[in-house]
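Colleague: Could you take me through the inside of this protein, with a close look at how its nonpolar side chains pack? I'd be glad of a word on the largest pocket as well.

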Amino acid sequence: MDMQEAAVRADEILDGTFAAIKPSVHWTHGRSTEGGCDVQRRRAVMTIVSEERRGSFLGVVERYWQSQGYEQLAVNNSKSPAMYYRTPDQFNVRVLVGSNGQAFFEVATPCVNAAKVSPPKAETVGPNYAGEKIPFPDVTSDFWSVKSPPSSRT
């Protein structure tokens, strides 16, 4: 596997994760970076996820990652919660909730053969802030932005 193939795989991991989030959220590409033999792909959620719904949001992501056979490496339950997992093919995945409640996803590839890497091809849901400062989330959701915990029926 080379860096371009690994970047495509990282994008597939992110695509699968975002497809599993129901109701769907708006997101933008974050900064992609390349090391000597690895690539990091990033996305930021632009939908406002209220503090009351944050646990549900992270639960959806966690259940999806576990269903894919990802191994849990660490969980941070602080004011800025985060979950760290590793895929069976050794890609590290992370979701971190920032101080303003914005969720940031990152996939870091294992060390692979050097190659030129193309930008991500996935179309964002909402404006694409790639290469720019990502603003705070500004999209309201009838589900994720509500200031009450979800009922057991949602």
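Modeller: Happy to; here is the packing, followed by the pocket. Please keep in mind that this is a predicted model.

Let's begin with the largest nonpolar core, which has 33 residues. Inside this core, the residues with the most contacts are I21, F57, W65 and F105. Both helices and strands feed into it: α1 (3–20), α2 (51–67), β3 (39–45), β5 (82–86), β6 (92–97) and β7 (103–108) each supply at least two of its residues. The largest share, seven residues, comes from α1.

F57 is a good place to zoom in. Leaving aside residues up to four places away in sequence, F57 touches I21, V25, V45, V49, A103, F105 and W144. I21 and F105 in that list are, like F57, among the residues with the most contacts inside the core.

There is also a second, separate core of five residues. Among its members are M46, Y129, I134 and V139.

Now for the largest pocket, which holds about 180 Å³ of space. It is lined by 14 residues, and the closest to its centre are G30, R31, R42, F104 and I134. I134 therefore deserves a second glance if you are browsing the model, as it is also part of the second core. The elements that give two or more residues to the lining are β3 and β7, with β3 giving the most, three residues. By character, the lining divides into six nonpolar, three polar and five charged residues.

Methods
Residues numbered from 1 in each chain as written. Predicted model: local features only at pLDDT ≥ 70, side-chain atom pairs only at ≥ 80, totals over all residues. Heavy atoms only, no water. Core = buried A, V, L, I, M, F, W, Y, C linked by side-chain atoms within 4.5 Å. Buried < 20%, exposed > 50% of the residue type's maximum accessible area, 1.4 Å probe, protein only. Helix = DSSP H or I, 4+ residues; strand = E, 2+ residues; numbered from the N terminus. Contact = heavy atoms within 4.5 Å. 1 Å grid on protein atoms, 1.4 Å probe; cavity = no way out; pocket = protein on both sides within 12 Å on 5 of 7 lines; lining within 4 Å. Points joined across faces, edges and corners; volume = space filled by probe spheres on them. Nonpolar A, V, L, I, M, F, W, Y, C, P; charged D, E, K, R; others polar.
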